Amino acid sequence: MGKLKIFQQGELDAVLMYRRLTELTDREDLKEAFKNAAADEGKHASIIKTMTGLKLTARPTMKAGILLVQKCLGWKCALYVLSFSEKLGGHLYKKPAQIHPVLEEVRQDEYKHSGILKEKAKNTDIKSDLKKILITTAVVVGAVFCICRLFRK
Ligand SMILES: [Fe+2]
Ligand SMILES: [Fe+2]
């Protein structure tokens with residue numbers, strides 16, 4: 001039960017995240033992918049809710065995390081991170097799906113999301129993100145350098 005609650009929460013958080021991402025992009029193909037993923041995550045949350053009987057509300061943590069990646073590194077990196085996390089989600093459902101076969105469909109959806117988002121990432125030009133990536137890298141390297149100097153004294 002405890003583990004299912006975590007999955008239910010994750011699905012709800014993912015709905016919130018994909019809805020925000022849908023608003024954030026002007027690209028129609030991304031809007032459609034995010035909208036479809038949000039609908040699937042909503043279905044997943046409902047399926048798990050029937051098992052836990054818990055009424056949970058979405059938390060903004062996941063949304064904030066991916067927005068930070070998108071702001072700092074651009075869409076290509078954000079899409080790869082999303083694809084990776086969906087794949088990881090699919091793997092994490094492996095054991096619960098053995099106990100609750102209804103979750104196998106959920107697990108396959110996560111792999112489907114991962115594949116779609118990976119394709120979107122591949123088809124995203126990194127050139128427009130290079131400035132962001134360079135600035136973020138410079139800030140991170142600068143911060144690490146300052147922290148190292150502080151601790152050496
Ligand atoms: Fe899901
Ligand atoms: Fe998903």
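## Reading the helices and the core

Ile66 touches Met17, Leu21, Ala78, Val81 and Leu82, leaving aside residues up to four places away in sequence. This is a predicted model, where local features need pLDDT of at least 70, side-chain atom pairs count only at pLDDT 80 or more, and totals for chains, interfaces and linings use all residues. Residues are numbered from 1 along each chain as its sequence is written, while chains are lettered from A and ligands numbered from 1 in the order in which they are written.

User: What makes Ile66 and Met17 count as touching?
Analyst: Two residues are in contact if their C-beta atoms, placed from the backbone, lie within 7 Å. Met17 is among the residues that Ile66 touches on that basis.

User: Why is α3 called roughly antiparallel to α4?
Analyst: The axes of α3 (residues 61-73) and α4 (residues 75-92) cross at roughly 150° and come within 7 Å. Angles over 145 degrees count as roughly antiparallel, so that label fits α3 and α4. Axes here are lines fitted to C-alpha atoms over the stretch in contact, with angles from 0 to 180 degrees between N-to-C directions.

User: Which residues of α3 make that contact?
Analyst: On the α3 side, they're Ile66, Val69, Gln70 and Leu73. Counting both helices, the contact has eight nonpolar residues, one polar and no charged.

User: What makes a group of residues a nonpolar core?
Analyst: Its members are buried Ala, Val, Leu, Ile, Met, Phe, Trp, Tyr and Cys residues joined through C-beta atoms within 7 Å; buried takes 20 or more other C-beta atoms within 10 Å of a residue's own. The largest one here has 20 residues, of which Met17, Tyr18 and Ile66 touch the most other members. Helix α1 gives the most to this core, with seven residues.

Notes
Helix = DSSP H or I, 4+ residues; strand = E, 2+ residues; numbered from the N terminus. Parallel < 35°, antiparallel > 145°, perpendicular 65-115°, else oblique. Nonpolar A, V, L, I, M, F, W, Y, C, P; charged D, E, K, R; others polar. Buried ≥ 20, exposed ≤ 12 C-beta atoms within 10 Å, placed from the backbone.
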